[in-house]
Amino acid sequence: MFSSSLARAASRSVARAGASRTLAVAAEHRPPVDLHGLQARYANATYVAASKSNSLEKVDGELLAIKATAGTTPAFASFLENPLISRDDKEAQVTDMLSGKVTPVTLNLMTTLAGNARLSEVPKIVDTYVELMKAKRGEVEAVIISADKLTKAQAEAVASAMKGQVGAGKKVVLSTKVDPTIIGGLQIQIGDQFLDLSVSSKIDALSRTVV
């Protein structure tokens with residue numbers, strides 16, 4: 001009886017250890033940020049599958065290429081959006097177009113979307129997957145708006161100053177825009193934070209004070 005109880009206890013211990021390992025693996029492949037909604041459901045599942053197959057970057061590139069093709073090829077965009085093509089036909093055509101040319105993860109996503117009549121959501125799903133990948137890389141998007149085009153040295157100086165604002169381990173991904181209406185100075189968007197250092201904003205503030 002003692003040995004039987006000991007065996008059951010050992011069995012429970014092994015089961016708990018196995019469960020702990022399973023949870024650890026799940027955590028390893030979990031998306032880096034919590035996103036919700038229809039597009040996020042597909043993007044999250046794709047991220048997990050790509051992580052498990054060690055193909056996150058490869059899938060990222062493939063999905064961006066598919067989105068780019070939809071943006072530059074009217075026939076392909078029409079195919080994705082056309083509700084008159086049956087689900088079975090779309091799934092077969094997607095398989096024919098992509099089989100052997102992309103990873104199994106990307107192929108599975110596209111055929112699943114075809115079977116669920118969701119191919120029209122491809123651009124938004126790609127954008128959501130890209131958002132997950134940026135979070136994984138620690139990338140923070142920053143946009144600098146200036147009245148005149150910044151020189152390379154000026155852009156690098158601003159990017160360097162921004163590093164202290166995004167936290168350790170984060171990488172600033174900088175893009176610039178020109179907007180003559182701000183007259184001078186800068187407008188800076190870092191993630192969801194907006195800083196207006198433009199001359200036009202100062203003029204507006206002064207006008208409100210005078211009034």
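Helices (H or I, at least four residues) and strands (E, at least two) are DSSP runs, numbered from the N terminus. With this numbering in hand, a good place to start is the end of a helix: just after α2, the residue Asn 54 takes a positive phi of about 55°. Asn 54 has this positive phi although it is not a glycine. Its place is the loop between α2 and α3, and with a relative accessible area of 73% Asn 54 counts as exposed. Another residue of this kind is Ala 117, where phi is near 55°, again a positive value in a residue other than glycine. Ala 117 belongs to the loop between α6 and α7; at a relative accessible area of 46%, Ala 117 is partly exposed.

The model described here is predicted, and a word on confidence helps in reading the rest. The protein chain has a mean pLDDT of 82, and 78% of its residues reach 70 or more. Among the elements of the chain, helix α1 (residues 2-29) has the lowest mean pLDDT, at 52, while α6 has the highest, at 97. Over residues 17-25 pLDDT stays under 50, and for this stretch the model has zero contacts beyond four places in sequence. Where pLDDT is low, the predicted coordinates should not be read in detail.

Helix α2 offers a simple check that a student can repeat. At 1.5 Å a residue, the 15 residues of α2 should span 21 Å; the end C-alpha atoms of α2 are 22 Å apart, which agrees. Several residues of α2 are buried, including Ala 40, Tyr 42, Ala 43, Tyr 47 and Ala 50. Polar names appear in the buried set too, among them Asn 44, Thr 46 and Ser 51.

The next topic is the nonpolar core. The largest nonpolar core has 31 residues, of which Leu 80, Met 110, Leu 113, Leu 119, Val 122 and Tyr 129 touch the most other members. Two or more residues of this core come from each of α2 (38-52), α3 (56-72), α4 (74-81), α5 (87-98), α6 (104-115) and α7 (122-137). Helix α7 gives the most, with seven residues. Leu 80 makes a helpful example: leaving out residues up to four places away in sequence, Leu 80 touches Ala 70, Lys 90, Met 110, Leu 119, Ser 120 and Val 122. Apart from the largest core lies another core, of 10 residues, among them Ala 142, Met 162, Val 172 and Ile 188.

Aromatic rings add some detail to the picture, as the structure holds two aromatic pairs. In one of them, the rings of Tyr 47 and Tyr 129 have centres 6.4 Å apart and planes at 55°, so this pair is tilted. Tyr 47 lies in helix α2 and Tyr 129 in helix α7, so the pair ties together parts that are 82 residues apart in sequence. Tyr 47 counts as buried at 4% relative accessibility, and Tyr 129 does so at 1%. The other pair is formed by Phe 76 and Phe 79, whose ring centres are 6.4 Å apart and whose planes meet at 25°, so the pair is stacked. Phe 76 and Phe 79 both lie in helix α4, three residues apart, about one turn of the helix. An α-helix has 3.6 residues a turn, so residues three or four places apart point the same way. Both Phe 76 and Phe 79 are buried. Phe 79 has a further partner, as Lys 90 lies over the face of its ring, at 5.7 Å from the ring centre.

Two threonines can be viewed side by side. Thr 103 is in the loop between α5 and α6, and Thr 111 is in helix α6. Thr 103 is buried, with a relative accessible area of 13%; Thr 111 is buried too, with a value of 13%. Neighbours within four places in sequence aside, Thr 103 is in contact with Lys 58, Val 59 and Glu 62. On the same basis, Thr 111 touches Glu 91, Val 94 and Thr 95.

The last stop is strand β2 (residues 171-178), where Leu 174 is found. Leu 174 counts as partly exposed, at 28% relative accessibility. The C-alpha atoms of Leu 174 and Ala 142 are separated by 4.9 Å, although these residues are 32 residues apart along the chain. Beyond neighbours within four places in sequence, Leu 174 is in contact with Ala 142, Ile 144, Ala 155, Ala 159 and Met 162.

Key: Residues are numbered from 1 along each chain as its sequence is written. This is a predicted model: local features need pLDDT of at least 70, side-chain atom pairs count only at pLDDT 80 or more; totals for chains, interfaces and linings use all residues. Side-chain values use heavy atoms; hydrogens and water are left out. A nonpolar core is a set of buried Ala, Val, Leu, Ile, Met, Phe, Trp, Tyr and Cys residues joined through side-chain atoms within 4.5 Å. Buried means under 20% relative accessible area, exposed over 50%, partly exposed in between (1.4 Å probe, protein chains only). Contact means heavy atoms within 4.5 Å. Rings of Phe, Tyr and Trp (its six-membered ring) pair if their centres lie within 6.5 Å; planes under 30 degrees apart count as stacked, over 60 as edge-to-face and the rest as tilted. A charge sits over a ring if NZ of Lys or CZ of Arg is within 6 Å of the ring centre and within 35 degrees of the ring normal. pLDDT is the predictor's confidence in each residue, from 0 to 100. The expected span of a helix is 1.5 Å times one less than its number of residues.
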